[in-house]
Structure formats: structure tokens, C-alpha cells
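Please look over the sequence and the 3D structure shown below before reading on. The briefing that follows goes through the chain topic by topic, with the overall picture first and individual residues afterwards.

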Amino acid sequence: MSALVAHCTADAAGTVTFELAGAAEASGAELVLRRRGATPADEVRLPLTGPRAVLDRATPLAEGRWDILLVVEGSKGQGDGDGQPVRPGTRDVRALVDRIPGAGPVTVRVPYPTADGRLALRCWVRAPHAEAGAIQLADGAMTVRGVLYGADAGDGASVEARRNPSEGAAAPRTHRVPLTGGADGAFSFTLPYAELAEPAMTARRLWDLWLLPAPGADPVRLSRILDDVWDRRSIHVYPAYRADGWLAAPCYSGDNNLHVRLDPRT
């Protein structure tokens, strides 16, 4: 079967429209979205009307990465389970840039090309959500400005840095700094790197950043998702602060969560 190409358009509300090129019309054809790594399998089926399939903003999708396949009823040997992978064509995602979410959970859906040339969809669902914005670096610290959606920062609001649990630390380490709130959910905080450093560092240390709107409130992960970038690791790269024995810099994960990275200085 020849390679299928899908052109897609995403709007700010969460609707994504797919236009298939190179697909013969067939009854019972559907685009199937399957969430990667989900157990049991999690999938959403979109019927094709001619060459078009529409993922409506009202259709719920769990947070994660979704593979996109074409499934034709009664067809065998389609190459990937019971579906044929779809390759990316043009992706019109301009409406996602600098968007301001409305009421309710912050939902973001970004179509993107995978490393092996397939079309996939990255979805975030956050309620509440702390959107990281500009980051200023000076005097061995990082100052972050952003906007909090779905919650209000009250007295005693703070940001907590937590040693990433994947590093297998013997005991969890945390460090808090105060949060300054502003109008319309705007916030800022300054985090000195020295508070996160360890004497005689020999390996990388990664710190996760969480916003606490009030003492005892549920923490909100700091991330940057309100645009068309599905993976910031190589997009937002910040210069490292050089101290005696270590280097420190903000960085983003493949899921666009904000971290602080500390490396031993050799």
C-alpha cells in the first residue's frame, strides 16, 4: 500500500482537521488515534468523510502522545497492528502560537512528525496550569515569569524545587522560594542555583519545579505548552552559570516541563 500523507490544521480551541492525500476512498475507513504506552489500549476513532477526518475539541483525549493510523474495515496486513501509519504533510498550527486559554482545563493538541517520519499528536490536559514564560539569568539565579490558569496565587504562595525522583536519591530534597503574584494570574519568582548544589558533585542533578498557590494547596507543574512546540529540549537552550565545582541552567524536558539542571564542573 502506498504511503499515506495527512495535511492537518489545528485551531486554538483544540479541534484538529486531517486531510488525507493518496488514500483511495473506502467504506468504513477511519483515522484511529492510539495513545502510546497506554495499558489497556486507549484509542479514539474518527470517521472519514471523503478525505477528511475531524478531531473535535469536545472529544476527550488523555494527556500523552497519540499515534495516528488509517484503518479500513476488513483490510489485512496494514503494517501496524490493524492500521496503516500516516505520514505528515503540511501542518498549519499558527493558531496555537501565543494562545490564551479559556475557562476550564487547559487543553493543548499539537500535531507533529515523529523521529521515524510518522504523524502523531501531542496532547496536554492541565487543570490548573502554570505556564512558564520569559526566563532571566543573572547573579547565579534564574527569574521566571509566567501565568497561572485555573487557580489563584494567595498569601504564602511559593515555588518548590524537587530533586527528580528518577535519580534514586536516598532521601527527597526540596527547596522553596516565594512567589510574587500579579494581575490576571501573572506571577514571578527567583531561584538561586546555589541552594540546589551539592558539595563535590560527581553526576548530573535534575530538579523539577512546582508552583504551590497557597500553603497546603496541591502543587501545579511548571511547564510551557501554550504554543506549537511539541518538544522544547533543543528549542529553548539556556547558558549555564559556572560556579566552583558545578554548572547550572534551566532546561525543558521532552514533555515541556521546566527543570533546573546541575552538572559537575570538570
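Along strand β1 (residues 4-10), which side chains point to one face and are buried, and which point to the other and are not? In this predicted model, Leu 4, Ala 6, Cys 8 and Ala 10 point to one face of the strand and are buried, whereas Val 5, His 7 and Thr 9 point to the other face and are not buried. As a general rule, the side chains of a regular strand alternate between the two faces of the sheet.

**The chain as a whole**

- The chain contains zero helices and 20 strands, and its C-alpha atoms fill a box of roughly 65 × 45 × 30 Å when this is taken along the principal axes.
- Of the 266 residues in the chain, 44% are buried.
- When contacts with a separation of 6 or more are considered, 60% of them are between residues 24 or more positions apart.

**Strand β1 and its partners**

- Strand β1 is joined by five bridges to strand β7 (residues 84-92), and these two strands run parallel; within this pairing, Arg 91 in β7 is the bridge partner of Cys 8.
- Strand β1 is also joined to strand β2 (residues 16-21), this time by six bridges and with the two strands running antiparallel, and here Ala 6 stands opposite Leu 20 of β2.
- The hairpin made by β1 and β2 has five residues between the strands, and in this hairpin Gly 14 takes a positive phi near 115°.

**Val 5, a residue of β1**

- Val 5, which is found in strand β1, has a relative accessible area of 27% and is therefore partly exposed, since that value lies between the limits of 20% for buried and 50% for exposed.
- Leaving aside residues up to four places away in sequence, Val 5 touches Glu 19, Leu 20, Ala 21, Val 86, Arg 87, Pro 88 and Gly 89.
- Val 5 and Val 237 are 232 residues apart in sequence, and their C-alpha atoms are 32 Å apart in space.

**Arg 126 and its surroundings**

- Arg 126 is found in strand β9 (residues 119-126), and with 12% relative accessibility this arginine counts as buried, because the value is under 20%.
- Apart from residues up to four places away in sequence, Arg 126 touches Glu 63, Pro 105, Val 106, Arg 221, Ser 223, Ile 225 and Asn 257.
- With Asn 257, one of these neighbours, Arg 126 also shares a polar contact of 3.5 Å between the two side chains.

**Cysteines**

- A disulfide is, in general, a covalent bond between the sulfur atoms of two cysteines.
- Counting sulfur pairs within 2.5 Å, the model has zero disulfides; Cys 123, for example, is in no disulfide, and the nearest cysteine sulfur, which belongs to Cys 8, is 14 Å away.
- Cys 123 counts as buried at 0% relative accessibility, and Cys 251 is likewise buried, with a relative accessible area of 11%.

**Aromatic rings**

- The count of aromatic pairs comes to three, and one of them is formed by Tyr 193 and Tyr 241, a tilted pair with 6.1 Å from centre to centre and 35° between the planes.
- Because Tyr 193 lies in the loop between β15 (186-192) and β16 (205-212) while Tyr 241 lies in strand β18 (residues 241-243), this pair ties together parts that are 48 residues apart in sequence.
- Tyr 193 is buried, with a relative accessible area of 2%, whereas Tyr 241 counts as partly exposed at 36% relative accessibility.
- Tyr 241 also forms a tilted aromatic pair with Trp 246, with 6.0 Å from centre to centre and 55° between the planes, and Trp 246 is buried, with a relative accessible area of 10%.
- Together, Tyr 193, Tyr 241 and Trp 246 form one aromatic cluster.

**Charges over rings**

- The charged end of Arg 122 sits over the ring of Trp 124, at 4.3 Å from the centre of that ring.
- In another example, the charged end of Arg 232 sits over the ring of Tyr 252, and here the distance to the ring centre is 5.8 Å.

Methods: Residues are numbered from 1 along each chain as its sequence is written. This is a predicted model: local features need pLDDT of at least 70, side-chain atom pairs count only at pLDDT 80 or more; totals for chains, interfaces and linings use all residues. Side-chain values use heavy atoms; hydrogens and water are left out. Buried means under 20% relative accessible area, exposed over 50%, partly exposed in between (1.4 Å probe, protein chains only). Helices (H or I, at least four residues) and strands (E, at least two) are DSSP runs, numbered from the N terminus. A polar contact is a pair of N or O atoms within 3.5 Å; within protein, one must be able to donate a hydrogen and the other to accept it, and residues adjacent in sequence count only if both atoms are side-chain atoms. Contact means heavy atoms within 4.5 Å. Two strands pair if DSSP finds at least two bridges between them. Rings of Phe, Tyr and Trp (its six-membered ring) pair if their centres lie within 6.5 Å; planes under 30 degrees apart count as stacked, over 60 as edge-to-face and the rest as tilted. A charge sits over a ring if NZ of Lys or CZ of Arg is within 6 Å of the ring centre and within 35 degrees of the ring normal.
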